[in-house]
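Please work through the following exercises with the sequence and the model at hand, and try each task before reading its solution.

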Amino acid sequence: VFDGAVTIHELKEHGDFGLGTFDGLDGEMIALEGVFCRADTEGKVAVADDTALAPFAVITEFPDEPPFSLPAIASFADLTAHLDRHRPSDNLFYAVRLDGHFARIMASSIARQPEGTTLAEAAAGQSEVTFTNVEATLVGFWTPAYARTINVAGWHLHALSADHKHGGHVLDVVGENLTVAMTEL
């Protein structure tokens, strides 16, 4: 079910922070501080129009949480291992925001899909881009395994460069001097 069901305007009524995709799986959504952006297959970002439709989004009001720091991060697996140490339960949902300098962010995005395409087929054809030496924010959620039919189980992160020019679904990451805020949902 890739047809858009809710507008960006309607999503804004439910929060200022989150991720998702657009009608027909056309790009990656990154919502940060009330600005909803779309990353295309080249990793280029544009602000999404309030009338744009989304078939899937995870949105929340991100509260002020005391931040903590992470040491140098060597990979996505390294990052998620650090984040897991700050997540006290496997049964609850968490939102996370990471800000800092990234030596490398490998991201992906999917282009608009024709009707009848399966999610597996769409994911197999996704494009991948790499950004280097960039200040960025990672927006994400941790979803328990029992809820894997409504979101990616485990950590699901999208990236947005500080200049709002680059972004996408995070596949791998190398970073340092990261400030992290995490909240239980």
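**Exercise 1.** Determine where Glu 33 lies in this predicted model, and decide whether Glu 33 is buried or exposed.

*Solution.* Step one is to place the residue among the strands: Glu 33 sits in the loop that joins S3 to strand S4 (35-39). Step two is to look at the backbone, where Glu 33 shows a positive phi of about 55 degrees although it is not a glycine. Step three is the accessibility: the relative accessible area of Glu 33 is 59%, and therefore the residue is exposed, since the exposed class begins over 50%.

**Exercise 2.** Carry out the analysis of backbone, place and accessibility for Leu 25.

*Solution.* Begin with the backbone, where phi of Leu 25 is near 65 degrees, a positive value in a residue other than glycine. Next, locate the residue: Leu 25 belongs to the loop between strand S2 (17-21) and strand S3 (28-32). Finally, turn to accessibility, where Leu 25 has a relative value of 8% and so counts as buried, because the buried class covers values under 20%.

**Exercise 3.** Describe the surroundings of Val 58, and state how far its C-alpha atom lies from that of Glu 33.

*Solution.* First, Val 58 is part of strand S7, which spans residues 56-60. Second, its relative accessible area is 18%, so Val 58 is buried. Third, leaving aside residues up to four places away in sequence, Val 58 touches Phe 17, Gly 18, Leu 19, Phe 141 and Asn 151. Fourth, the C-alpha atoms of Val 58 and Glu 33 are 14 Å apart in space, with the two positions 25 residues apart in sequence numbering.

**Exercise 4.** Which side chain makes a polar contact with the side chain of Asn 151, and which residues does Asn 151 touch?

*Solution.* Start with the position: Asn 151 is in the loop that runs from strand S10 (127-143) to strand S11 (154-161). With 9% relative accessibility, Asn 151 is therefore counted as buried. The polar contact joins the side chain of Asn 151 to the side chain of Thr 143, at 3.1 Å. Not counting residues up to four places away in sequence, the residues touched by Asn 151 are Phe 56, Val 58, Phe 141, Thr 143 and His 156.

**Exercise 5.** Find the place of Pro 63, its accessibility class, and the C-alpha separation between Pro 63 and Met 182.

*Solution.* Pro 63 is located in the loop between S7 and strand S8 (68-70). Its relative accessibility is 32%, so Pro 63 counts as partly exposed. Although Pro 63 and Met 182 are 119 residues apart along the chain, their C-alpha atoms are separated by 9.2 Å.

**Exercise 6.** Assess whether the radius of gyration of the chain agrees or disagrees with that of a compact globule, and then characterise the chain as a whole.

*Solution.* For 185 residues, a compact globule would have a radius of gyration near 16 Å, and the chain has 15 Å, which agrees. The C-alpha atoms fill a box of roughly 45 × 35 × 30 Å along the principal axes. The chain contains 3 helices and 12 strands, and buried residues account for 48% of its 185 residues. Among contacts with a separation of 6 or more, 73% join residues 24 or more positions apart. The exposed area of the chain is about 8,800 Å², of which carbon and sulfur atoms supply 52%. Lastly, the chain carries 10 positive and 27 negative charges, whose mean positions are 4 Å apart.

Terms used: Residues are numbered from 1 along each chain as its sequence is written. This is a predicted model: local features need pLDDT of at least 70, side-chain atom pairs count only at pLDDT 80 or more; totals for chains, interfaces and linings use all residues. Side-chain values use heavy atoms; hydrogens and water are left out. Helices (H or I, at least four residues) and strands (E, at least two) are DSSP runs, numbered from the N terminus. The radius of gyration is taken over C-alpha atoms; the globule rule is 2.2 Å times the number of residues to the power 0.38. Buried means under 20% relative accessible area, exposed over 50%, partly exposed in between (1.4 Å probe, protein chains only). Contact means heavy atoms within 4.5 Å. Accessible areas come from the Shrake-Rupley method with a 1.4 Å probe; for residues, only the protein chains shown count as cover. Lys and Arg count as positive and Asp and Glu as negative; His and the chain ends are not counted. The place of a charge is taken as NZ of Lys, CZ of Arg, CG of Asp or CD of Glu. A polar contact is a pair of N or O atoms within 3.5 Å; within protein, one must be able to donate a hydrogen and the other to accept it, and residues adjacent in sequence count only if both atoms are side-chain atoms.
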